[in-house]
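Good morning, everyone. I will walk through one model today, part by part. Please have the sequence and the structure open on your screens.

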Amino acid sequence: MLHPIGRNFGQRVIAISAFACAITMAASAEAAEVDPIVLTFSTVGDSRQDPVSPDGTTPLATMSGQDKTWLQNTKAWTRIQRTIQAQKSSLLFFNGDMIMGYGLAGPTKSTSVADVVASDLMAFYRQYGFWRGMVAPAMETGTYVVPVPGNHEVQSKPLGKKAQVENENAWRANMGDLILDTARFKAIVGVDATNVNVGNNAAFDSLGTDQSQLSYSFDVGDSHFAVVNTDPVGKDATAPAGWLSSDLSSAKSRGAKHFFVFGHKPAYTYSYAPAGAPPTPAGGLDVNPGARDNFWNVIETYSATYFCGHEHIFNMAQPKGSAWQVLVGAGGSPFDSKYGDASATSGLTPNTDRTYSWATVAIRKSGKVDITAYGFSDSFGPTQVLKQVTLAH
Amino acid sequence: MYPRQNNMLRKLTVALAASVLAASAASAATLIDTGTPDGSQAGFAVDVTDFVAVQFNAPSAWRLDDIGAYLVAGNPGDHFAVSLYRDASGLPGDLIASAQVSFVADGWNHISSLAWQLPAAGSYWLALEGTMVESVPGLPVPDGSFIAPAGGLTMPGTTAFSDGSYMGYQLQAGIQFGLEVIGAVPEPASISLMLLGVALVGVVSVRARSRRA
């Protein structure tokens, strides 16, 4: 008879199995406590190509006819969008310079076909149309695109790199439907955009032109999102700090816990100069240090995070030790750090000075906010993590 | 039953159990163990656009039973895929097998009971890939995105990535991701030992029955 042995053996097996199950169940219970993500958004800027000085690794000779005509870095910008969508971002804030623009979207020299086709107005609208076509699939597959005006949209280079009211009007004509279609927003994101403020708030900062849909804000849950036009007509390279202060104050009073601000120009220029060379000259809001300080004080006061572009490079920094400036201006435009610069390291180690890059932000139920910057090299290598920080609130 | 027979049966049963354990312990083996990432190198994105793969050599025909991947930044319940490819001129070639793995938590996430067969010794590829899910029929959407931390890992071979473009997998040295693969390889000596134990138990049992009769 084998029963006594078999029974004992069976009991041991059952006991061991029960122990193993208990361990497994404990592990499952622990996994269930993971802090869930309540909202994910991504942000990037500067995808426009340059007809005169494209990046050294993508010389005009190798640019497609498509990119020469519509002045986009289609390859990089498309790939960035692919991964952003794979990351299931509900919102995509594009921090300006989506078009080359930089002319005057005003009256044409004459009404002849040749003059109309050759006009800046036509160029603006053509380039806007191509960019809108590139982001249209995102809008159809779960990512609402939120545009931020950049200097190439609102300024004219031939007119002294000054913002022009014609260009502000062209912005509204080409982007206004996105700012903000609350019904479409709800359909795409799944939650409402509330406290939408897209009106003309120019008076807060004594601006002379209509700033509706150029600087604007809205809430999603307990997160507040504000977009600032960093080149308003008459006050180029100046963020509307007066309006922003009022806007963030209102948001805080109604219970907002997270403050995210998006603009084109950095408050603090990132110096990417090679070792031993003079630092990169100020090219952001810091060309007006007093106004910049007013703006940054607002950012610091509300523990906001400022996302920007303009410099075609990646950098994350805490200029005053607290609030983060997240510079994600390498969305396809020619890199500021030139090929072969000493500041640009080589190999697979993220070459952040010459890396197409963006940030994806996850807001968790606990209130923690994870900012993860991703990128791929100028030679289109694998997508890597460039930097990760967690903001605890 | 006589006490002496009982003792004999106990010993034989223990011997049989030991031989079974010896056989299984001898055949189950680790084919790939990169170690656990230390974070000293930037991690890599893994999602429906971004795949990473590593080449490895199987010394003989193998069966892959358990694959673990070290991933973070996912949501519990999201999925990634582990895929096994033949080597084709130094890149992942024909797909041999693929399985979805449920992401549980940051760290090692395993799938077991695969029983994937490597038909012969040679070069193969294992890949971590993103997956799609159809919550609404006909509307597949990404089923998770992850980060594969890197640093301090020993990869078994050259590496490759895919960025979701028409180019497919592309070689890229230096990619790291945490990978553990446990499998089995047939070992005739262990199997013979186990069969011998079974035969002995059978003989003793028959003799005991005939004595009782």
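I start with a definition: two strands count as paired if DSSP finds at least two bridges between them. Strand 11 and strand 12 of chain A meet that, with four bridges in the antiparallel sense. Within strand 12 of chain A, the residue opposite A:Met316 is A:Val326. Keep in mind throughout that this is a predicted model.

Let me stay with strand 12 of chain A, residues 325–328. Are its faces covered or not? Both of them are covered. A:Gln325 and A:Leu327 lie on one side, A:Val326 and A:Val328 lie on the other, and all four residues are buried. Strand 12 of chain A also pairs with strand 10, residues 305–308, of chain A; this pairing is parallel and has three bridges. There, A:Cys308 stands opposite A:Leu327.

Now the sheet around it. In what order do the seven strands of this open sheet in chain A come? The order is 6-7-8-9-10-12-11, and the pairing is mixed. At the edges are strand 6, residues 194–197, and strand 11, residues 314–317, of chain A, each paired on one side only. On average, and ignoring direction, neighbouring strands in this sheet are turned by 15° against each other.

Further along the order, strand 8 of chain A, residues 223–227, runs parallel to strand 9 of chain A and is joined to it by five bridges. One residue pair to look at is A:Ala226, whose bridge partner in strand 9 of chain A is A:Val261.

Next, the helices at this sheet. Helix 9 of chain A, residues 241–253, lies across strands 6, 7, 8 and 9 of chain A. With strand 8 of chain A, helix 9 makes an angle of about 165°. Helix 9 of chain A also packs with helix 10 of chain A: the angle is about 10° and the axes are 9 Å apart. The two helices are therefore roughly parallel to each other. From helix 9 of chain A, the contact uses A:Ala241, A:Leu244, A:Ser245 and A:Leu248. From helix 10 of chain A come A:Ala291, A:Asn294, A:Phe295 and A:Val298.

Between strand 9 (258–262) and helix 10 (289–301) of chain A there is a loop, and A:Ala282 sits in it. Why does A:Ala282 count as partly exposed? Because it has 16 C-beta neighbours inside 10 Å, and the partly exposed class lies between 12 or fewer, which is exposed, and 20 or more, which is buried. A:Ala282 touches A:Thr269 and A:Val287, leaving aside residues up to four places away in sequence. A:Thr269 is 13 residues from A:Ala282 in sequence, while their C-alpha atoms are 5.5 Å apart.

Elsewhere in chain A, look at strand 3. A:Tyr144 and A:Val146 point one way from this strand, A:Val145 and A:Pro147 point the other way, and all are buried. Strand 2 of chain A, residues 91–94, runs parallel to strand 3 of chain A, with four bridges joining them. A:Leu91 is opposite A:Tyr144.

Helix 7 of chain A, residues 165–175, has these buried residues: A:Asn167, A:Glu168, A:Ala170, A:Trp171, A:Asn174 and A:Met175. Viewed down the axis of helix 7 of chain A, they fall within an arc of 160°, so they line one face of the helix. Their cover includes helix 5 (120–140) and strand 3 (144–147) of chain A.

On to chain B. It has two helices and 15 strands. Of its 213 residues, 33% are buried. Among chain B contacts between residues at least 6 apart in sequence, 79% join residues at least 24 apart.

Six strands of chain B form an open antiparallel sheet, in the order 6-5-9-3-13-14. Its edge strands are strand 6 (91–102) and strand 14 (170–171) of chain B. Strand 5, residues 79–88, and strand 9, residues 122–130, of chain B are antiparallel, with seven bridges. In strand 9 of chain B, B:Trp125 is the bridge partner of B:Tyr85.

Last, the largest nonpolar core, which has 135 residues. Those touching the most other members include A:Val261 and A:Val328 from chain A, and B:Leu128 from chain B. Beyond residues up to four places away in sequence, B:Leu128 touches, among others, B:Val52, B:Phe80, B:Ala148 and B:Phe177.

Note on methods. Residues are numbered from 1 along each chain as its sequence is written. Chains are lettered from A and ligands numbered from 1 in the order in which they are written. This is a predicted model: local features need pLDDT of at least 70, side-chain atom pairs count only at pLDDT 80 or more; totals for chains, interfaces and linings use all residues. A nonpolar core is a set of buried Ala, Val, Leu, Ile, Met, Phe, Trp, Tyr and Cys residues joined through C-beta atoms within 7 Å. Two residues are in contact if their C-beta atoms, placed from the backbone, lie within 7 Å. Axes are lines fitted to C-alpha atoms, for helices over the stretch in contact, and angles run from 0 to 180 degrees between N-to-C directions. The arc is that of the directions from the helix axis to the C-beta atoms. Angles under 35 degrees count as roughly parallel, over 145 as roughly antiparallel, 65 to 115 as roughly perpendicular and the rest as oblique.
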